[in-house]
Amino acid sequence: VKSFEYFAPSSIGEAIALLAEKGDRARPLAGGTDLLVKMRNDLLAPDFLVDVKRIPELNQWLFSETDGLTIGAALPLCSIYEHLEVAATYPALIDAARMIGGIATQGRATLGGNLCNASPSGDTIPALIVLDGVCIIASSTGQRDLPVEAFCAEPGRTALKVGELLVSISLPIPKLHTGTMYLRFTPRSEMDITVVGVGASLTLDENYSTITDVRLALGGVAATPLHLEDIGKALAGRIPDEDTWTEAAALAKAAANPISDVRGEINQRQHLVEVLTRRALRGAFGRIQRGVNDYVKD
Ligand SMILES: Cc1cc2nc3c(=O)[nH]c(=O)nc-3n(C[C@H](O)[C@H](O)[C@H](O)COP(=O)(O)OP(=O)(O)OC[C@H]3O[C@@H](n4cnc5c(N)ncnc54)[C@H](O)[C@@H]3O)c2cc1C
């Protein structure tokens, strides 16, 4: 690894001043499970690392039943599934966080790092999209909010400008009668990169008989994770049954735009989108029907 200078600021102000001053030669460091690996493999060689783990706002955990959840960008993934209220409210986020690497990786890796790494197959990103996540971004000119679906610009590049820092991610409280799920396919169950990932959020009316809202998002099938907004809209008013899941799955397959690479062929990825979309919608429906979710035991 090429030598670099290490900074560990204790405030957002200090961090963004450093990032603005050092420009492209600096990189924020969170858990380092992407960044340090890239540096060891000579894929990146920053001159300055700005460790963001000592900044209080990036380690903040706020939850209320009215305002929802705000997760500091530097909190490790394991802290997410330690919170029972999150497990009860945002199961799709737990689905994704528990899939990333093994326990050791989840002890270091952060939600902010997964987003800022901007991998097309980053597992938390489709989950955050269907949960209506918003990125809270700080810079010397103040704070701005950006929906998660607009955060990734291309593989490895985000919408962050030089001198900007991801502070936290906010999730609203889901509407009543909502179920969410994230599923992925990898050849091995852990320590592998996702071939295709699908997030689904399904909301039903008060009689549980009609779909009022759907959000679908795909990972691993385009340059950035995709929000399938039109398909979600097309499903409003439909009956929550197998025919609807099958139709949605076919539409999602048609919307996917994958490439072939070492992890999967185009046809395989399209097939996976279809299978996983059907299962994720069915699974989200099951979570509504049960009225509980798989992570909170009575
Ligand atoms: C063994 C192993 C298994 C893995 N398995 C998976 C997997 O199954 N699924 C998956 O999606 N990923 C996986 N990963 C990748 C990685 O663990 C995740 O992407 C992780 O969430 C990255 O978080 P981090 O805190 O380690 O990020 P870091 O490596 O610290 O940073 C990643 C990038 O984000 C930038 N960054 C970090 N924080 C901020 C911030 N607050 N503001 C602006 N920029 C920031 C950094 O500069 C860097 O470019 C795996 C990695 C390993 C080593």
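This is a short walk through a few spots in the structure above, which is a predicted model.

Okay, let's start with the ligand. Which residues come nearest to it? There are 29 residues around the ligand, and the ones that come nearest are Pro28, Thr33, Asp34, Thr110 and Asp123. If you zoom in on proline 28, you'll find a backbone N or O atom 2.5 Å from an oxygen atom of the ligand. Leucine 35 does something along those lines too, with a backbone N or O atom 2.7 Å from a ligand oxygen. With threonine 110 we're looking at the side chain: one of its polar atoms lies 2.6 Å from an oxygen atom of the ligand.

Next up, rings. The count of aromatic pairs comes to three, and I'll show you two of them. One is phenylalanine 7 with phenylalanine 48, a tilted pair, with 6.2 Å from centre to centre and 40 degrees between the planes. What does that pair link? Distant parts of the chain: phenylalanine 7 belongs to strand β1, residues 5-7, and phenylalanine 48 to strand β3, residues 48-51, so to speak 41 residues apart. Phenylalanine 48 is buried, at a relative accessible area of 9%. And there's a charge to look at here as well: lysine 22 lies over the face of phenylalanine 48, 4.5 Å from the ring centre.

The other pair is phenylalanine 63 with tyrosine 90. Why do we call that one edge-to-face? Because the planes stand at 90 degrees, and over 60 counts as edge-to-face; the ring centres are 6.4 Å apart. This pair also links distant parts of the chain, 27 residues apart. Phenylalanine 63 is in strand β4, residues 61-64, while tyrosine 90 is in the loop between α4 (84-89) and α5 (91-97). Are these two buried or partly exposed? Phenylalanine 63 counts as partly exposed, with 24% relative accessibility, whereas tyrosine 90 is buried at 0%.

On to the cysteines. How many disulfides does a search of the whole structure find? Zero. Take cysteine 78: the closest cysteine sulfur is in cysteine 116, and that's 18 Å away, so it is too far for a bond. A disulfide would need the two sulfur atoms within 2.5 Å. Cysteine 78 is buried, by the way, with a relative accessible area of 18%. Then there's cysteine 152, also in no disulfide, where the nearest cysteine sulfur is that of cysteine 135, 8.0 Å away. Cysteine 152 counts as buried too, at 11% relative accessibility.

Now please find aspartate 205. You'll see it in the loop between β12 (196-204) and β13 (211-219). Buried or exposed? Buried, with a relative accessible area of 14%. Setting aside residues up to four places away in sequence, aspartate 205 touches His177, Thr210 and Thr212. A polar atom of the aspartate 205 side chain also has the backbone nitrogen of serine 209 at 3.0 Å. And how far is aspartate 205 from glycine 156? In sequence, 49 residues; in space, 39 Å from C-alpha to C-alpha.

While we're on buried residues, have a look at threonine 277 in helix α11, which covers residues 266-290. Its relative accessible area is 1%, so it counts as buried. What is it in contact with? Leaving out neighbours within four places in sequence, threonine 277 contacts Val198, Leu216, Leu218, Ala248, Ala249, Ala252 and Leu272.

Last stop, two residues to check for their backbone angles. Alanine 118 isn't a glycine, and yet its phi is positive, about 55 degrees. You'll find alanine 118 in the loop between α7 (111-117) and α8 (124-130), and it is buried, with a relative accessible area of 1%. The other is aspartate 132, again a residue other than glycine with a positive phi, this time near 65 degrees. Aspartate 132 lies in the loop between α8 and β6 (134-139). And its surroundings? Aspartate 132 is partly exposed, with a relative accessible area of 37%.

That's the tour, thanks everyone.

Terms used. Residues are numbered from 1 along each chain as its sequence is written. This is a predicted model: local features need pLDDT of at least 70, side-chain atom pairs count only at pLDDT 80 or more; totals for chains, interfaces and linings use all residues. Side-chain values use heavy atoms; hydrogens and water are left out. Helices (H or I, at least four residues) and strands (E, at least two) are DSSP runs, numbered from the N terminus. Buried means under 20% relative accessible area, exposed over 50%, partly exposed in between (1.4 Å probe, protein chains only). Contact means heavy atoms within 4.5 Å. Rings of Phe, Tyr and Trp (its six-membered ring) pair if their centres lie within 6.5 Å; planes under 30 degrees apart count as stacked, over 60 as edge-to-face and the rest as tilted. A charge sits over a ring if NZ of Lys or CZ of Arg is within 6 Å of the ring centre and within 35 degrees of the ring normal. A residue is near a molecule or strand if one of its heavy atoms lies within 4 Å of it. A polar contact is a pair of N or O atoms within 3.5 Å; within protein, one must be able to donate a hydrogen and the other to accept it, and residues adjacent in sequence count only if both atoms are side-chain atoms.
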